[in-house]
Amino acid sequence: MKTIINRKKSDETEIEKTEKDKVQDTKRMEEKGTKVRSRKAQDTKEAEETGTKVSAARLYRHYISVIIRSKMQYKKSFFMYSLGTFLVSFNVFAGIFFMFRRFNNVKGFTYSEVLLCYSIVLMAFSLAEMFARGFDTFPRMVRTGSFDRLLLRPRSIVLQVLGSQFELTRIGRLLQAVLLLACGIWKSDVRWTFEKAMTVVFMIVGGTALFSGFFIIYASLSFFTLEGLEFMNIFTNGLKEYGKYPMGIYGKGLLRIMTFLIPFALVQYYPLLYLLDRRSGAGYIFLPLAAGLFLIPCYFLWRYGVRHYKSSGS
């Protein structure tokens, strides 16, 4: 009996040791698993952060390539529409041409100088309409409730809106701007230097930023109205039409407004005077870039609209 009892006790002791060993092994495995999971989570987080930094431009290029491929599915329609935009813009050029057949100058500006001015404004507007078209058509996205999907995606909202539309058909208008710019440079009496060439580049960049800012304002207001406000066309198409002539011909009052309130004269009038040797100073070279600061209040208005967005109920 004693032997049997001793065997039972030894068996129970061995079972307890085995269970303790199992518990310890389980704890060790859990600790190792926790460490592995934490390392994987950290690696994943770092990879996502790196991927976000790298893939923002890549994602935008992907958006553009998808839109271009979809446009090229209907090549005849694309070329006809592009030709239409070219001919519509050509009407404005024809108006300038026939007016200068009648008059030698407008407030001291000759035909070649006006042509140079108009081509730069037209190119800036065409680039803004091509790349920032997503903001121009944004009210429809709010009205149909499509904007809600953008809020759920782990990407920049601005990037998604920019990638939602790319108006490749505006290439007809852009091509005309290039031709008019080449003609204006060829016919003008400007003594071209590297500084003046950079001034033209900065005028185009600053003008593109300015028109894009107006498209952002147009989109931001739709958060509160659900519909696009057509009066904003005064600051987009209206500025393009008025911008075919130097702003100085419209009077000092409007010139002050276009300088201090709406910085359109910074990208159109004052740099043009520098190109024509009517103003001097290196500040006129970089003056168009100051108009790019107009994007800052436009972006804050956009952020304010996004924070107060409550969906359209569609």
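**Group meeting: an all-residue tour of a helical model**

The protein chain folds into 15 helices and zero strands. Helices here are DSSP runs of H or I with at least four residues, strands are E runs of at least two, and numbering starts at the N terminus. This is a predicted model, where local features need pLDDT of at least 70, side-chain atom pairs count only at pLDDT 80 or more, and totals for chains, interfaces and linings use all residues. Residues are numbered from 1 along each chain as its sequence is written, and side-chain values use heavy atoms, with hydrogens and water left out.

Overall numbers next. The chain has 314 residues, and 42% of them count as buried. Buried means under 20% relative accessible area, exposed means over 50%, and partly exposed is in between, with a 1.4 Å probe and protein chains only. The exposed surface is about 18700 Å², with 62% of it supplied by carbon and sulfur atoms. Those areas come from the Shrake-Rupley method with a 1.4 Å probe; for residues, only the protein chains shown count as cover. Now contacts, meaning heavy atoms within 4.5 Å. Take those between residues at least 6 apart in sequence: 78% join residues at least 24 apart.

On to the pockets. The grid has 1 Å spacing over the protein atoms alone; a pocket is an open set of points where a 1.4 Å probe fits, with protein on both sides within 12 Å along at least five of seven lines, and lining residues have an atom within 4 Å of a point. Points are joined across faces, edges and corners, and a volume is the space filled by probe spheres set on the points.

The largest pocket has a volume of about 260 Å³. It is lined by 15 residues, and the closest to its centre are Met 141, Ser 146, Arg 149, Leu 150 and Ser 164. Which helices each supply at least two residues of that lining? They are H5 (138-144), H6 (147-152) and H7 (157-164). H5 gives the largest share, four residues. By class, the lining has four nonpolar, eight polar and three charged residues. For the classes, Ala, Val, Leu, Ile, Met, Phe, Trp, Tyr, Cys and Pro are nonpolar; Asp, Glu, Lys and Arg are charged; the others, Gly among them, are polar.

The second largest pocket holds about 160 Å³. Its lining includes Phe 131, Phe 135, Tyr 299 and Trp 302. Two or more lining residues come from each of H3 (111-131), H7, H9 (194-225) and H15 (295-307). This lining has 10 nonpolar, two polar and no charged residues.

Now some single residues. Start with Phe 215, in helix H9. Phe 215 counts as buried because its relative accessibility is 4%. Leaving out residues up to four places away in sequence, Phe 215 touches Phe 125, Ala 128, Glu 129, Ala 132, Phe 135, Asp 136 and Thr 236. Its C-alpha lies 5.4 Å from that of Asp 136, and the two are 79 residues apart along the chain.

Phe 138 sits in helix H5. Is Phe 138 buried or exposed? At 0% relative accessibility, it is buried. Beyond four places in sequence, Phe 138 contacts Phe 147, Val 161, Ala 219, Ser 222, Phe 223 and Trp 302. Its C-alpha and that of Ser 220 are separated by 8.7 Å, across 82 residues of chain.

Next, a lysine. Lys 196 lies in H9. Lys 196 has a relative accessible area of 5%, so it counts as buried. Setting aside neighbours within four places in sequence, its contacts are Val 190, Arg 191, Tyr 274, Leu 275 and Asp 277.

That brings us to Asp 277, in the loop between H13 (270-275) and H14 (283-290). Asp 277 is not a glycine, yet its phi is positive, about 65°. It is partly exposed, at 40% relative accessible area. Lys 107 also has a positive phi, near 50°, in a residue other than glycine. Lys 107 is in the loop between H2 (75-102) and H3. At 61% relative accessibility, Lys 107 counts as exposed.

Last item, cysteines. How many disulfides does the structure hold? Zero, where a disulfide is a pair of cysteine sulfur atoms within 2.5 Å. Cys 183 is partly exposed, at 22% relative accessible area. Cys 298 is buried, at 1%.
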